[in-house]
2 protein chains.
Amino acid sequence: MLSKKTKYAFHALTYLGKHMDQKTVLIQDISEEYGISHKFLENILLELRKAGILGSKKGKGGGYYLIKDPKDVPLSKVIRLLEGPIALLPCVSLNYYEPCAECKNEAKCGLNKVMIQVRDEMLKVLENKTLADILDKE
Amino acid sequence: MLSKKTKYAFHALTYLGKHMDQKTVLIQDISEEYGISHKFLENILLELRKAGILGSKKGKGGGYYLIKDPKDVPLSKVIRLLEGPIALLPCVSLNYYEPCAECKNEAKCGLNKVMIQVRDEMLKVLENKTLADILDKE
DNA sequence: CTTATACCCTATATAATTTATAGGTTTTAT
DNA sequence: ATAAAACCTATAAATTATATAGGGTATAAG
């Protein structure tokens, strides 16, 4: 299951996507809209900015804004950033690979094979669906 | 990512599947084979028994054994039992449904729609692949 | 050029969850 | 009887997730 952090990130991105007409959006506007702690959200937006998804402006009249076209932000990118691996096992993660601690022989591990399939099926959706897709619905 | 508990369950089931010739297998045999704490594993095997996947025999000469044909144990069943929901959001879980806390209108939630797709793709693999499939490889 | 505003950054505290341990109870073969 | 092995429930320890705190820095406006 996705963590609150990741869900909050999606909420924030949705909000920002819906307000692309205005130059900037305040952290506070988003935190009030969804009942998210201001400070917690602040950290999340900071990560999104550092990842190049958001831009920001300091000082009076400042705030955050989407720096990318929503259709160029795959959901997989947001999940990997806030959540970490999408795969169900570290040994099949494309971006956060690690061998499984108790695994003796990855090449012969049956679970490994299946989990590669699961990962690929998940990615088929998550790499192709973007922020734009989740904005459309609302 | 799957918890250790779930991974241990798969290890135990794999071990039991490979030793179906013998009447019973000791917790200790499995815990030693994979370096899992005896007591922790005990709790896991207990859950698998209560779920009707394993049988057990008490007392001297006792132990655990697979009560089901490996091809009749889908991986999804094991994951749901030890891990909980397979879905990435509570609002799209088939077995553990809950509305998302901050969600105002599920019907209009774009993330909801995508996550239903992700869930279905995951299940396409996890419902169809069984214990038998992960035994084959080893 | 001062002030209020709003993001920036890092550290720490709190809460929740996961992992592990503990210890006695019951059943069964010998 | 005795020893073996699962059964069961409670608690402790470790880890991770969530939240808070507080000063730092840039900027617009007057």
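Okay, this is a quick tour of how two protein chains sit on DNA strand C and how the two chains relate to each other. One caveat up front: this is a predicted model.

Let's start with the DNA. There are 28 residues around DNA strand C, and the ones that come nearest are A:Glu42, A:Arg49, A:Ser56, A:Tyr64 and B:Lys39. If you sort the residues of that surface by type, you get 13 charged, eight polar and seven nonpolar.

So what part of the strand is the protein touching? Of the strand C atoms within 4 Å of the protein, 65% belong to sugar or phosphate, and the rest to bases. On the phosphate side, an N or O atom in the side chain of B:Ser37 is 3.3 Å from a phosphate oxygen. On the base side, we have two backbone cases: a polar backbone atom of A:Lys60 is 3.2 Å from a base oxygen, and one of B:Gly59 is 3.4 Å from a base oxygen.

Now, which elements give two or more residues to this surface? From chain A, they're α3 (38–50), β1 (54–57) and β2 (63–66), and from chain B, α1 (4–18) and α3 (38–50). α3(A) gives the most, with six residues.

Next, the pair itself. Turn chain A by 180 degrees, with a shift of 0.0 Å along the axis, and you can lay it on chain B with an RMSD of 0.1 Å. The two copies are therefore related as by a two-fold rotation axis. If you want to find that axis on screen, look for A:Glu121: of chain A's residues, its C-alpha comes closest, at 2.8 Å. And 100% of the interface residues of chain A are also interface residues in chain B, so the copies meet through the same surface.

Note on methods: Residues numbered from 1 in each chain as written. Chains lettered and ligands numbered in written order. Predicted model: local features only at pLDDT ≥ 70, side-chain atom pairs only at ≥ 80, totals over all residues. Heavy atoms only, no water. Near = heavy atom within 4 Å. Polar contact = N/O pair within 3.5 Å; in protein donor to acceptor, adjacent residues only side chain to side chain. Helix = DSSP H or I, 4+ residues; strand = E, 2+ residues; numbered from the N terminus. Nonpolar A, V, L, I, M, F, W, Y, C, P; charged D, E, K, R; others polar. Least-squares fit on C-alpha atoms with pLDDT ≥ 70 in both. Contact = heavy atoms within 4.5 Å.
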